Amino acid sequence: MSFVSSILIPLLTVAATLGSGWFVTTRVTDHWDSVKKAREMDLAAAQEFQQLYGEFVAVWKLWNILKGRDGHKLRDQAEDPVWKCLERAVSTEGAVEALLAKLVAERRLDPVQIEILGAVRQAFKTLRRCISADERLGWDYDSHPHYVSFKILTTETSVLLNTPRGTGPGPTSAEAARAFRSITENRHEPRPLGTNPWYEAPGRLKLRSAGEG
């Protein structure tokens, strides 16, 4: 072996080792950056959903006050309060719809998760329907069956949004479309239109939180 070869070969070996180490390190770093970014997006979606729940409750309480015994006094003081309630309820409903569309595009959902999301979507429509019909939302006590179902479904959805989505491939466009179609089917509507009404979902799916108040 020549003098040049005795120096060049070890140098090439070291360079190759360093290069492969850099490549592996870069790939690992990119992977964990991707996982971190996905996690941040999940937490942002969960926070948005929780804000929508809060908005639903706020509009519900305001609407029931306006429909109460002294509601006419507030109607006289406010500028078109009924329209404002309806506007906020519709806005909340639309934001839930957009969040669900985002969710099906990012996660592979199992049948139970699809049923939960279909039910929670319909649950958020309840307030807008009451306002449109000029009726109170009569969930007047914490153990009202529909209110209990609503709390269970929103809790289950929040847990789903807070659960890391994993590192596997996301759904295909066809899978996402099927999931979204199932979530938005009319069967989740209240009876008599719906065959699987949203408020029966916790019991039907035997959710762990279904026995809690």
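Reader: What is the volume of the largest cavity?
Author: In this predicted model, the structure holds two cavities of 30 Å³ or more. The largest of them has a volume of about 40 Å³.

Reader: Which residues line the largest cavity, and which element gives the largest share of that lining?
Author: The lining of the largest cavity is made up of F49, V96, L99, L100, L103, L117, T157 and L161. The elements that give two or more residues to this lining are α3 (81–106) and α5 (145–162). By class, these lining residues divide into seven nonpolar, one polar and no charged. The largest share, four residues, comes from α3.

Reader: How many charged residues are there in the lining of the second largest cavity?
Author: The second largest cavity holds about 30 Å³ of space, and its lining consists of D42, A45, L99, K102, L103, E106 and L161. Two or more of these residues come from each of α1 (3–66) and α3, with α3 giving the largest share, four residues. The lining divides into four nonpolar residues, no polar ones and, as the charged part, three.

Reader: Which elements each supply at least two residues of the largest nonpolar core?
Author: The largest nonpolar core has 47 residues, of which F56, W60, L127, I131, W139, F150 and W198 touch the most other members. The elements that each supply at least two residues of this core are α1, α3, α4 (111–132), α5, α6 (173–183) and α7 (201–205).

Reader: Which residues does W198 touch, not counting residues up to four places away in sequence?
Author: W198 is among the residues of the largest nonpolar core that touch the most other members, and W139 and F150 are also named in that group. With residues up to four places away in sequence left out, W198 touches A119, Q122, A123, T126, W139, H146, S149, F150, L153, H188, E189 and P190.

Reader: How far apart are the end C-alpha atoms of α5, and what span should its 18 residues have?
Author: The buried residues of α5 include F150, L153, T157 and L161, and of these T157 and L161 also line the largest cavity. Because each residue should add 1.5 Å, the 18 residues of α5 should span 26 Å, which agrees with the distance between its end C-alpha atoms, 26 Å.

Reader: What pattern does the protein chain follow along the sequence, and what percentage of its contacts between residues at least 6 apart join residues at least 24 apart?
Author: The secondary structure of the protein chain comes to seven helices and zero strands, and read along the sequence it follows the pattern α-α-α-α-α-α-α. Buried residues make up 36% of the 213 residues in the chain. Among contacts between residues at least 6 apart in sequence, the share that joins residues at least 24 apart is 77%.

Reader: What is omega for the cis peptide bond that joins R191 and P192?
Author: P192 lies in the loop between α6 and α7. The cis peptide bond joining R191 and P192 has an omega of about 10°.

Reader: Do D134 and K206, each with a positive phi, count as buried, partly exposed or exposed?
Author: D134, in the loop between α4 and α5, has a positive phi of about 60° although it is not a glycine. K206, in the segment after α7, is likewise not a glycine and has a positive phi of about 55°. Because its relative accessibility is 43%, D134 counts as partly exposed, whereas K206, because its relative accessibility is 71%, counts as exposed.

Key
Residues are numbered from 1 along each chain as its sequence is written. This is a predicted model: local features need pLDDT of at least 70, side-chain atom pairs count only at pLDDT 80 or more; totals for chains, interfaces and linings use all residues. Side-chain values use heavy atoms; hydrogens and water are left out. On a 1 Å grid over the protein atoms alone, a cavity is a set of points where a 1.4 Å probe fits but cannot get out, and a pocket is an open set with protein on both sides within 12 Å along at least five of seven lines; lining residues have an atom within 4 Å of a point. Grid points are joined across faces, edges and corners, and a volume is the space filled by probe spheres set on the points. Ala, Val, Leu, Ile, Met, Phe, Trp, Tyr, Cys and Pro count as nonpolar, Asp, Glu, Lys and Arg as charged, and the others, Gly among them, as polar. A nonpolar core is a set of buried Ala, Val, Leu, Ile, Met, Phe, Trp, Tyr and Cys residues joined through side-chain atoms within 4.5 Å. Buried means under 20% relative accessible area, exposed over 50%, partly exposed in between (1.4 Å probe, protein chains only). Contact means heavy atoms within 4.5 Å. The expected span of a helix is 1.5 Å times one less than its number of residues.
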